[in-house]
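Welcome! Take a moment to look over the protein shown here, and then read on for a short guided tour.

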Amino acid sequence: MSKQKNKPRRPAAVTPASPCPCGRAETYRDCCAPFHQGHATAPTAERLMRSRYSAFAVGDTGYLLRTWHPTTRPAGLDLEPAQRWTGLDILGATGGSAFHAEGTVEFRAHYSLHGQADSQYEHSRFVREGGQWVYLDALPSA
Ligand SMILES: [Zn+2]
């Protein structure tokens, strides 16, 4: 028998059957992929935030721009190719349900860059535009 299973694993490539990068207990295919592919829209601000984190992880800049409010959206987005997104902690959320027009999500996004582990904290604001949740901006840190 070959020892295939002991081969070193290549890091970070997300496949449809991978655990979703956003940290929910579902595969990428059943979690954030339908949002990225435009087959569905995130039902809550938190799901949108998670799907945007996943979009960073899979390098989907089109999705990031498309889910950015037109008033704050940058003209373009260059992702750091050496950055590996390693996990997401949702720390809190307000509003953001199907019954709200606004919501906030507080999170810490973990990554490694050139082998150095680090994380980024943000308290983000989201609004519903034409029925779809979009990212507005970050609240100033307290
Ligand atoms: Zn997901």
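The report below goes from the overall fold to the nonpolar core.

Please keep in mind that this is a predicted model. The protein is built from three helices and four strands. Following the sequence from its start, you meet them in the pattern α-α-α-β-β-β-β. With a radius of gyration of 16 Å, close to the 14 Å that the globule rule gives for 142 residues, the protein is as compact as a globular protein of that length. Along the principal axes, its C-alpha atoms fill a box of roughly 60 × 30 × 30 Å.

How much of the protein is buried? Buried residues account for 27% of the 142 residues. As for contacts with a separation of 6 or more, 46% of them join residues 24 or more positions apart.

Now for the inside. In soluble globular proteins, nonpolar side chains tend to be buried together. Here the largest nonpolar core has 26 residues, and C32, M49, Y53 and F126 touch the most other members. The elements that each give two or more residues to this core are listed here:

| Element | Residues |
|---|---|
| α1 | 33–36 |
| α2 | 45–58 |
| α3 | 61–66 |
| β1 | 83–95 |
| β2 | 102–113 |
| β4 | 132–138 |

Which element gives the most to this core? That is α2, with seven residues.

F126 is a good residue to find in the viewer. Leaving aside residues up to four places away in sequence, F126 touches A45, L48, M49, G96, E102, G103, V105, W133, V134, Y135 and L136.

How values were computed: Residues are numbered from 1 along each chain as its sequence is written. This is a predicted model: local features need pLDDT of at least 70, side-chain atom pairs count only at pLDDT 80 or more; totals for chains, interfaces and linings use all residues. The radius of gyration is taken over C-alpha atoms; the globule rule is 2.2 Å times the number of residues to the power 0.38. A residue is buried if 20 or more other C-beta atoms lie within 10 Å of its own, exposed if 12 or fewer, and partly exposed in between; C-beta atoms are placed from the backbone. Two residues are in contact if their C-beta atoms, placed from the backbone, lie within 7 Å. A nonpolar core is a set of buried Ala, Val, Leu, Ile, Met, Phe, Trp, Tyr and Cys residues joined through C-beta atoms within 7 Å.
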